[in-house]
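Work through the exercises below with the coordinates open. Each task is followed by a stepwise solution.

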Amino acid sequence: MRELLIQHLNQHPLISGYEISSSHTTGVQLFYVLNKLETNRYTDNSDLSATIYVDHDGFRGSSGIVINAADSEQSIDAKIDKAVKIAQTVNNPFFALEQDINNYSGKGGDFKDDRLDQIALQCAKTIIDCDVNQDGWLNSIEIFVTRRHHQFINSNKIQREYISTKIFAEVIPTWSNQKEEVELYLSFKQDDDDYQTIAERVLDILKQARLRSIAEKPSDKIQGADVVIKGEMLDLIARELAYDLNFANVYHHSNHYQLADTVVPYNLNVSVKGKLAKAADSMPYDAHGTLIKDTPIITNGKVTSFWGNICYGQYLNYDRFSGNANIVEYEVSDQCFEELKLPYLELCNFSSPQLESNSGYCGGEVRLGLYHDTDGKIIPLSGFSVSTNIYEALKTAEFSQEKTTSNAYHGPKYLRLKNVKIN
């Protein structure tokens with residue numbers, strides 16, 4: 001079907017260029033309720049789509065189409081003709097499509113077993129083996145193991161392909177405290193069969209559920225305490241700071257920082273990358289087929305480069321394009337700590353962490369926080385929210401020497417912020 005689509009696109013007299021993305025995905029899905037397998041599925045799907053470009057009146061208009069297995073040659077032609085008419089009404093500035101002839105073929109992840117069903121079953125066993133508590137249990141487990149063959153080609157005959165295998169799982173633990181039951185939620189992605197890490201994730205969320213079941217409302221004594229952030233909220237902050245410097249934000253004048261601006265008064269170094277070991281969102285090329293290049297964007301606390309895709313890069317008259325990278329890496333040579341100083345409030349689990357890039361608002365409702373008082377006693381807390389301006393808070397932030405890798409972030413595991421409002 002892809003070759004047929006290419007043939008019809010090449011024959012159309014009004015099309016100035018095109019990009020085609022296709023994928024073939026196989027997968028195994030397992031659904032458990034109280035550790036009993038209720039449903040299992042095998043999936044096999046193919047996707048084929050194209051972006052069509054039409055040059056007119058000094059502009060480069062574009063429109064997208066999706067092709068499915070039921071399409072005939074006539075219906076493909078009809079979809080192309082409709083997309084061409086739409087593209088003729090779109091007045092975007094011209095940009096040249098990817099021309100890098102270094103074609104790419106690769107594979108991501110690290111799985112020793114090629115059988116998706118065996119990977120899924122071992123993942124399930126690892127999770128269920130963690131369910132050994134009397135007052136807490138795993139209410140539901142959903143596991144999705146997929147192998148996807150990505151392919152890209154454009155009208156300049158640039159070709160890319162990439163095979164990725166991933167585990168995605170959702171786990172809902174419940175804990176009873178004799179008065180009520182409380183729930184938490186865990187989701188994670190992995191591109192390797194590190195089952196020990198899976199077990200650690202599940203044991204940690206069960207521990208959090210237990211602590212939430214005995215958590216109390218915060219008292220006035222925690223007001224003014226330093227706040228320690230990790231996990232999902234830290235990922236959000238790290239990515240948002242990088243995305244502020246993306247070509248698209250700069251072009252639309254929605255970025256907070258400009259080149260040479262001082263972000264923080266210490267040696268913070270931030271880079272964007274396409275691939276990184278154990279980062280499940282790794283991808284070697286972006287939607288325009290640009291091979292993603294490692295690009296430093298903040299050096300010693302100052303903005304040294306913008307980054308992004310070939311389209312907005314050309315709009316900004318850049319001659320080097322990093323591609324739309326997925327991974328953000330932080331290195332901090334000062335403002336670091338080996339151990340956290342008492343007292344502090346550790347934020348473990350948010351209902352839905354939020355960060356608004358224009359205002360800098362950062363915060364949200366906290367499902368579980370741990371207050372470490374001056375005597376080292378740990379007090380579980382719940383039912384409160386926190387907020388701060390992240391751009392101001394980062395100026396006095398401290399980072400742990402211990403590092404971590406998540407789906408799209410590599411860097412310090414903990415971030416300590418001052419002057420956070422606790423409500």
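Which residue in β13 is the bridge partner of Val 270? Tyr 330 is that partner.

The model is predicted: local features need pLDDT of at least 70, side-chain atom pairs count only at pLDDT 80 or more, and totals for chains, interfaces and linings use all residues. Residues are numbered from 1 along each chain as its sequence is written, and side-chain values use heavy atoms, with hydrogens and water left out.

**Exercise 1. Place strand β10 among its partners.**

Step 1. Fix the terms. Strands (E, at least two residues) and helices (H or I, at least four) are DSSP runs numbered from the N terminus. Two strands pair if DSSP finds at least two bridges between them.

Step 2. Take the β13 side. β10 and strand β13 (residues 327-332) pair antiparallel over six bridges.

Step 3. Take the β11 side. Here β10 pairs antiparallel over three bridges. Val 272 has Thr 295 in β11 as its bridge partner.

Step 4. Check burial. Buried means under 20% relative accessible area, exposed over 50%, and partly exposed in between (1.4 Å probe, protein chains only). Five of the six residues of β10 (residues 268-273) are buried, so the strand is largely enclosed by the rest of the structure.

**Exercise 2. Describe the surroundings of Thr 295.**

Step 1. Locate the residue. Thr 295 belongs to strand β11 (residues 295-299).

Step 2. Read its accessibility. Thr 295 is buried, at a relative accessible area of 3%.

Step 3. List contacts, meaning heavy atoms within 4.5 Å. Beyond four places in sequence, Thr 295 touches Val 270, Ser 271, Val 272, Ser 305, Arg 320 and Ser 322.

Step 4. Look at the side chain. A polar atom there lies 3.0 Å from the backbone oxygen of Lys 293.

**Exercise 3. Find the hubs of the largest nonpolar core.**

Step 1. Define the set. A nonpolar core holds buried Ala, Val, Leu, Ile, Met, Phe, Trp, Tyr and Cys residues joined through side-chain atoms within 4.5 Å.

Step 2. Rank the members. The largest core has 60 residues, and Tyr 330, Leu 345 and Leu 347 touch the most other members. Helix α5 (residues 231-243) gives the most to this core, with seven residues.

Step 3. Separate the other core. Apart from the largest core lies another of 30 residues, including Leu 30, Ala 120, Val 145 and Ile 205.

Step 4. Expand one hub. Not counting residues up to four places away in sequence, Leu 345 touches ten residues' worth of list entries, among them Ile 222, Val 228, Leu 370, Phe 384 and Ile 422.**Exercise 4. Explain the disulfide count.**

Step 1. Recall the chemistry. A disulfide is a covalent bond between the sulfur atoms of two cysteines. The cut-off here is a sulfur pair within 2.5 Å.

Step 2. State the result. The structure holds zero disulfides.

Step 3. Test Cys 123. Its closest cysteine sulfur, in Cys 130, is 10 Å away, too far for a bond. Cys 123 is buried, with 0% relative accessible area.

Step 4. Test Cys 362. Its closest cysteine sulfur is 16 Å away, in Cys 348, again too far for a bond. Cys 362 is buried, at 3% relative accessibility.

**Exercise 5. Compare two loop residues, Gly 308 and Pro 343.**

Step 1. Locate them. Gly 308 lies in the loop between β12 (302-303) and α7 (310-315). Pro 343 sits in the loop between β14 (336-337) and β15 (344-350).

Step 2. Buried or partly exposed? Gly 308 is buried at 0% relative accessibility, whereas Pro 343 is partly exposed at 25%.

Step 3. Collect contacts beyond four places in sequence. Gly 308 is in contact with Asn 246, Phe 247, Phe 321, Ser 322, Gly 323 and Asn 324. Pro 343 touches Asp 226, Tyr 371, His 372, Asp 373, Thr 374 and Arg 416.

**Exercise 6. Characterise the hairpin of β2 and β3.**

Step 1. Count bridges. Nine join strand β2 (residues 36-56) to strand β3 (residues 59-67), and the strands run antiparallel.

Step 2. Pick a pair. Thr 51 stands opposite Gly 64 in β3.

Step 3. Inspect the turn. Two residues lie between the strands of this hairpin, and Asp 57 in the turn has a positive phi of about 50°.

**Exercise 7. Judge the overall fold.**

Step 1. Tally the elements. The protein has eight helices and 24 strands.

Step 2. Assess compactness. The radius of gyration is taken over C-alpha atoms, and the globule rule is 2.2 Å times the number of residues to the power 0.38. The protein's value is 24 Å, close to the 22 Å that the rule gives for 423 residues, so the protein is as compact as a globular protein of that length.

Step 3. Add burial. Buried residues make up 50% of the 423 residues.

Technical notes: Polar contact = N/O pair within 3.5 Å; in protein donor to acceptor, adjacent residues only side chain to side chain.
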